[in-house]
Amino acid sequence: MKKVFGRPKSMKANIFHYCAGCGHSIAHRLIAEVIDELDIRGITIGVPPAGCAVLAYNYFDVDMIEAQHGRGPAMATGIKRVLPDRIVFSYQGDGDLAAIGIAESFHAANRGENITVIFINNAVYGMTGGQMAPTSILGQKTTTSPTGRQSVLEGHPIRVSEIFSLLPGTTYIERCTVNSPASILRTKKAIRKAFQCQIDGLGFSLIEILSPCPTNWKMTPVDSCRWIDEAMSKEFPLGILKDVPAEQKKGERRHAG
Amino acid sequence: MVIGEAAIRAGCRFYAGYPITPQNEIPEYMAEHLRQVEGGVFIQSESEVAAIHMVAGASAAGARSMTSSSSPGISLKQEGISSLAACQLPAVIVNMMRGGPGLGNISPSQGDYFQATRGGGHGDYRVIVLGPATAQEMADLTMDAFTLADQYRTPVMILADGMMGQMMEPVVFKEPQPRVYPEIYIMKGAGAGKSKFIRGLILDPLDMEEHNWTLDRKYQVIARKETRHELYGTDDAELILVAYGTGARIAKGAIKRLRNTGLKVGLFRPITLWPFPTNELRDLAKKVENFLVFELSTGQMLEDVRLALQGFARIGFHGRPGGVVPTPAELANVVTRQYDRKQGIIEHH
Ligand SMILES: Cc1ncc(C[n+]2csc(CCOP(=O)(O)OP(=O)(O)O)c2C)c(N)n1
Ligand code: SF4
């Protein structure tokens with residue numbers, strides 16, 4: 001009998017601690033599949049964050065070093081500069097990347113560090129119990145914005161992918177989601193492109209994943225998937241924001257023609 | 001800059017830092033010279049926070065790594081230093097102390113003694129702290145710092161001040177020791193083998209407790225084996241000054257003056273500030289009854305001296321915080337005011 005579905009080689013045989021319907025587990029699996037397909041397990045070093053994914057080293061069967069909250073890209077910078085031929089990725093939530101670690105993330109991107117950031121945008125602080133995140137959308141109720149996020153008091157949601165794509169150091173940035181089979185396949189393709197950019201030595205790549213957090217959104221997993229379509233992706237439009245390899249190819253074709 | 005050159009000679013291959021006076025000569029030296037060395041990486045980071053976490057990454061990836069800063073910047077690095085201690089990663093951190101608290105000023109101070117010797121960040125941990133007093137010692141201790149950091153897999157701090165950064169003294173660099181650091185601690189991808197992880201998060205309190213005791217056992221060994229100090233004129237002394245770094249240089253000047261007037265004063269100079277040479281200091285109290293602590297602070301090392309000597313000797317104190325650097329003459333005057341041949345230390349604490 002042919003095996004059509006199994007655990008990626010780059011995953012350990014541990015059961016996820018994530019809540020039912022959580023986007024983290026899907027993102028983990030996609031990253032592991034990409035690592036397998038690119039055959040880079042032995043040269044990959046991952047940097048998990050403080051956040052719900054803090055135990056990612058229990059799931060990924062690649063070398064991992066945990067960062068303090070928000071410091072992943074700084075740590076990844078240190079690793080990559082010392083070991084430029086390794087594949088280094090930082091895995092970060094929205095609080096981690098867009099609040100406490102915005103400086104480390106922004107500057108790693110601006111330096112064009114040849115690393116990949118997987119950015120899980122679930123519009124809340126998952127691990128600490130559903131507080132407002134920099135990416136919470138206007139009107140969104142969280143434990144620290146109980147009547148809904150108001151721009152006059154709490155500012156606007158930060159569009160990380162748009163902002164980072166303005167930095168010349170970035171090479172591939174795409175915003176995807178994992179709320180349907182089709183979107184999951186698309187996300188996997190995006191992750192693969194991002195890692196490929198790094199393998200090709202092109203610079204900083206970032207994949208933003210709109211990711212359900214049914215527990216803190218206080219919704220069923222199905223409603224959470226719907227909320228991503230109906231609300232979240234209105235604030236954070238899906239799509240490729242930057243694709244330097246594609247632009248280069250287009251440029252070459254123009255030259256040829 | 002002595003520290004930068006000593007670090008490169010000691011095999012430092014990664015430096016990250018953020019400008020702050022009075023230590024900019026170190027990053028500037030590294031920017032020029034570390035990049036010329038094969039595999040040498042220099043990064044001017046976006047903050048001290050980023051720098052220390054870059055250092056942690058580089059250290060985990062197998063490079064001898066260093067950062068430097070001055071007081072306010074060292075406060076920002078504490079999160080990372082705590083992490084380095086928790087993850088048992090070697091690194092060298094230089095603090096060229098300036099007047100504080102707050103933004104303070106840029107003058108030489110010793111106000112960060114507590115922060116340095118009590119761990120500095122959150123959690124139950126210690127950092128080895130070396131306090132050089134001469135340019136030669138800055139070179140030697142910088143090189144030793146890398147060896148100690150590797151040997152004990154722990155962050156090591158060089159605690160100096162701007163005064164020492166400006167010193168012009170001849171220096172002979174010693175032969176660097178080859179690095180001894182087991183491959184198993186280096187994170188470089190799993191290859192075909194088992195993957196590993198480095199973490200500071202240990203959720204189970206019993207496991208975390210065990211980790212704390214593991215670290216503590218290591219600190220006990222360091223405390224037993226690694227104390228260093230200098231004795232100066234203590235053989236015939238009736239009064240001993242206790243001072244380190246710039247304070248000790250001033251103390252030596254004062255001692256020369258006092259001896260010229262016939263007062264037999266000596267110096268006990270801790271070189272390791274953590275571990276503090278407690279037993280070595282207490283040994284002196286067998287012969288000498290009077291001690292005077294001198295610091296460029298309101299009295300921080302004073303507490304360690306009390307721990308060593310309380311009940312064994314009379315302890316006086318003179319401090320000038322805030323970036324004021326007194327002359328040897330001032331200190332000599334203080335000694336004659338505080339010390340009476342018959343009564344001993346008068347204003348004893
Ligand atoms: C310095 C510091 N501040 C605060 C925390 C507490 N903390 C842990 S995770 C987290 C936020 C997690 O939210 P996010 O980054 O969005 O990730 P998620 O859990 O949603 O995946 C916070 C505030 C911490 N670990 N360290
Ligand atoms: S709290 Fe939210 S982000 Fe965290 S595991 Fe549960 S669903 Fe996932």
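A good place to start is an oxygen atom of ligand 1, which has a backbone N or O atom of Cys52(A) 2.8 Å away. Bear in mind as you look around that this is a predicted model.

## Around ligand 1

Two further residues of chain A can be set beside Cys52(A), and the table lists each with the kind of protein atom involved and its distance to a ligand oxygen.

| Residue | Protein atom | Distance to an oxygen atom of ligand 1 |
|---|---|---|
| Cys52(A) | backbone N or O | 2.8 Å |
| Asp94(A) | polar side-chain atom | 2.6 Å |
| Gly126(A) | backbone N or O | 2.8 Å |

How much of ligand 1 does the protein cover? On its own, the ligand has 580 Å² of accessible area, and the protein covers 76% of that.

Turning to secondary structure, two elements of chain A give two or more residues to the shell around ligand 1: α3, spanning 94–100, and β5, spanning 124–125. Of the elements, α3(A) supplies the largest share of this shell, with four residues.

The ligand has 17 residues around it, and those that come nearest are His24(A), Cys52(A), Asp94(A), Asp96(A) and Gly126(A). Sorted by class, the shell holds eight polar, six nonpolar and three charged residues. Although the nearest residues named here carry the chain A label, the site is shared between chains, because residues from both A and B surround ligand 1.

## Where chain A meets chain B

That shared site leads naturally to the interface itself. Here 31 residues of chain A are in contact with 36 residues of chain B. Between the two chains an area of about 2600 Å² is buried, and carbon and sulfur atoms give 60% of it.

What about charged pairs? Two salt bridges are found across the interface of chain A and chain B. If you would like one to display, pick the side chains of Arg111(A) and Glu46(B), which meet in a salt bridge with an N to O distance of 2.9 Å. Polar contacts between chain A and chain B come to 17 residue pairs, counting those with both residues at pLDDT 80 or more.

On the side of chain A that touches chain B, the elements giving two or more residues are the strands β1 (44–47) and β2 (63–65) and the helices α2 (72–82) and α4 (102–110). Which element gives the most to this side of chain A? The answer is α2(A), with seven residues. By class, this side of chain A has 15 nonpolar, 10 charged and six polar residues.

Conventions: Residues are numbered from 1 along each chain as its sequence is written. Chains are lettered from A and ligands numbered from 1 in the order in which they are written. This is a predicted model: local features need pLDDT of at least 70, side-chain atom pairs count only at pLDDT 80 or more; totals for chains, interfaces and linings use all residues. Side-chain values use heavy atoms; hydrogens and water are left out. A residue is near a molecule or strand if one of its heavy atoms lies within 4 Å of it. A polar contact is a pair of N or O atoms within 3.5 Å; within protein, one must be able to donate a hydrogen and the other to accept it, and residues adjacent in sequence count only if both atoms are side-chain atoms. Accessible areas come from the Shrake-Rupley method with a 1.4 Å probe; for residues, only the protein chains shown count as cover. Ala, Val, Leu, Ile, Met, Phe, Trp, Tyr, Cys and Pro count as nonpolar, Asp, Glu, Lys and Arg as charged, and the others, Gly among them, as polar. Contact means heavy atoms within 4.5 Å. Buried area is the accessible area (1.4 Å probe) that two parts lose on being put together, summed over both. A salt bridge is a side-chain nitrogen of Lys or Arg within 4 Å of a carboxyl oxygen of Asp or Glu.
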